[in-house]
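Please open the structure in a viewer and keep the sequence at hand. The tour below proceeds by selections, each followed by a description of what is found there.

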Amino acid sequence: MESSQHIISIVKGEENIAQMKKENNKIHPRDKQNETRNIIHSVKVGVSLVLVSLMYLLNPLFHQVGENAMWAIMTVIVIFEFSPGATLGKGLNRGMGTIVGGGLGCLAAFFAHNIIGGVGNSVIIGIFVYICGTVGTYFRLLPKVKQRYEYGVVTLMLTFNLVMMYGVRANEKVWEIARQRLLSIVMGFIVCICVSLFIFPLWASDELHHSTVSTFHDLANTIQGCLEENGILVSENESQLIAGFTLCNSVLNSKSKDELLANSARWEPWHGKFGFCYPWENYLKIGNVLRELATFVLAVGHSLQSSKQDMASLRQTHLEQFETCEAIGSRVAWALRELGDSMKQMKKCEDNKGSSILAKLKECREELSLVISTSKVAILENGQVLAISSLVFLLMKVVDKVEELVKEVEELGQIAAFPTNITIPLSS
């Protein structure tokens, strides 16, 4: 009998693995969207390179910049990013770094060559190079500078050394070298910005906004799928659970992507509903809370999986407690969807009876405390007590994180001046 049970479990395990592979091999709509974005970006880079190569092909432009036209091509390859904001931020960093580095390099070369001269010339050049390298490297390692201006500091250091060394060693006019290089970089930058802004722009702000909104709905579906009657407690098919865990893991790994998108969005010009000085920092705060919530949702799923037998027996003998947990899971999912819709529509979320989502979540916490009251727990076995207590504790944490999300979304609505949205309250 035991061997037959082991064989059945092995067969089911192989079926689950095969189903997981089948789910992973499916082409997700987001993958198709990313592929389209990659194609658009590639075409835009190709167009930019063709336009900037005209500096070599057209004699009037070539006479203005000379051999330094290669810097325009390098500028396109280096600064062209997916979003206009990232391209603009990198281009401005490169431009300011070139201007400041070129200016300092010209002054240093003039001072060393014309004022000091002789043997002291090499000594002064070495001192200036040392100071530029040391100070520039120190500043680029500072967290605030590294986040937004590291590329500008690197460009400053590179331009300073190139202009000073090349100008002094080749006995050429450093001002002319700096002018030609700056002109070529500016032309490359203009080409990048025009192509990025006017040919199918891929806004980082839109991507961050839609990604945050979809995370609300994904977590809502996952927490509801874990607790509903046809969910992991009784279902033979665990594909929905696996998909939910995959979504939670992707949320946990989204911090670096969100920070990159927020940094790019800060540089973007006014477009659509997003104006200047839009509070992207609040999106990062919301993202941090969503990742914490995803951690507890994963814990709920694993807790239910690890105590399937106790949960199954509890469902048969104490159905009322499970119905309470399922109802709370539905309310939490509803609250997450309301918050997601509020952010999607960029409107404050209030219902027509004046009761806020926070009040509903407070009711959920009170009902959860009744599930593990002394009178109800006393008649359960030790394993059952541990299973239901763990579930209630994790659901308490989920409710706490959703309450925190409500406050963060309300703060975002106040700063961004969201209008009021009238919604119909969920019936208990």
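Is C192 buried or exposed? Select C192 to begin: this cysteine is buried, because its relative accessible area is 0%. The model on display is a predicted one.

**The cysteines**

Keep C192 selected and add C194. The number of disulfides is 0. The cysteine sulfur nearest to that of C192 belongs to C194, and it is 9.5 Å away. C194 is likewise in no disulfide. A disulfide requires two cysteine sulfur atoms within 2.5 Å. C194 counts as partly exposed because its relative accessibility is 36%.

**The whole chain**

Now display the entire protein chain. It contains 19 helices and 2 strands. Of its 428 residues, 41% are buried. The chain exposes about 23,000 Å², and 62% of that area is supplied by carbon and sulfur atoms. Consider next the contacts between residues at least 6 apart in sequence: 81% of them join residues at least 24 apart.

**Confidence along the chain**

Colour the chain by pLDDT. The mean for the chain is 77, and 74% of the residues reach 70 or more. Select helix α1 (residues 2-25), where confidence is lowest, with a mean of 45; then select helix α13 (residues 255-267), where it is highest, at 89. Residues 1-21 stay under 50, and the model gives them 5 contacts beyond four places in sequence. A further stretch to select is residues 229-237, where the pLDDT is also below 50. This stretch has 20 contacts beyond near neighbours in sequence. Where pLDDT is low, the predicted coordinates should not be read in detail.

**Around helix α6**

Select N93, which is found in helix α6 (residues 84-116). N93 counts as buried because its relative accessibility is 6%. Which residues does N93 contact, leaving aside its neighbours within four places in sequence? They are R148, Y149, Y151, G152 and W267.

Y151 also deserves a selection together with K90. The charged end of K90 sits over the ring of Y151, at 5.5 Å from the ring centre.

Move next to S83, in the loop between α5 (69-79) and α6. S83 is buried, since its relative accessible area is 7%. Beyond residues up to four places away in sequence, S83 touches S196, L202, W203, A204, S264 and E268.

**Aromatic rings**

The structure holds 7 aromatic pairs. Select Y149 and W267, both of which appear among the contacts of N93. Why is this pair called edge-to-face? The ring centres of Y149 and W267 are 6.4 Å apart and the planes stand at 85 degrees, so the pair is edge-to-face; planes over 60 degrees apart are assigned to that class. The pair links distant parts of the chain, for the two residues are 118 residues apart. Y149 is in the loop between α8 (143-148) and α9 (150-169), whereas W267 is in helix α13. Y149 is partly exposed, because its relative accessible area is 39%, whereas W267 is buried, because its value is 18%.

Then select Y278 and Y283. Their ring centres are 6.1 Å apart and their planes meet at 45 degrees, so this pair is tilted. Both residues are buried. Add F274 and W280 to the selection, and a cluster appears: ring pairs link F274, Y278, W280 and Y283.

**Helix α11 and two loop residues**

Select S211 in helix α11 (residues 204-227). S211 is partly exposed, because its relative accessibility is 23%. To relate sequence to space, add V251: S211 and V251 are 40 residues apart in sequence, and their C-alpha atoms are 9.8 Å apart.

The tour ends at two residues with a positive phi. Select F200, in the loop between α10 (174-198) and α11. The phi of F200 is near 45 degrees, a positive value in a residue other than glycine. F200 counts as exposed because its relative accessibility is 60%.

Finally, select M346, located in the loop between α16 (319-345) and β1 (348-351). Its phi is near 55 degrees, again a positive value in a residue other than glycine. Is M346 buried or exposed? M346 counts as buried because its relative accessibility is 8%.

Methods
Residues are numbered from 1 along each chain as its sequence is written. This is a predicted model: local features need pLDDT of at least 70, side-chain atom pairs count only at pLDDT 80 or more; totals for chains, interfaces and linings use all residues. Side-chain values use heavy atoms; hydrogens and water are left out. Helices (H or I, at least four residues) and strands (E, at least two) are DSSP runs, numbered from the N terminus. Buried means under 20% relative accessible area, exposed over 50%, partly exposed in between (1.4 Å probe, protein chains only). Contact means heavy atoms within 4.5 Å. pLDDT is the predictor's confidence in each residue, from 0 to 100. Rings of Phe, Tyr and Trp (its six-membered ring) pair if their centres lie within 6.5 Å; planes under 30 degrees apart count as stacked, over 60 as edge-to-face and the rest as tilted. A charge sits over a ring if NZ of Lys or CZ of Arg is within 6 Å of the ring centre and within 35 degrees of the ring normal. Accessible areas come from the Shrake-Rupley method with a 1.4 Å probe; for residues, only the protein chains shown count as cover.
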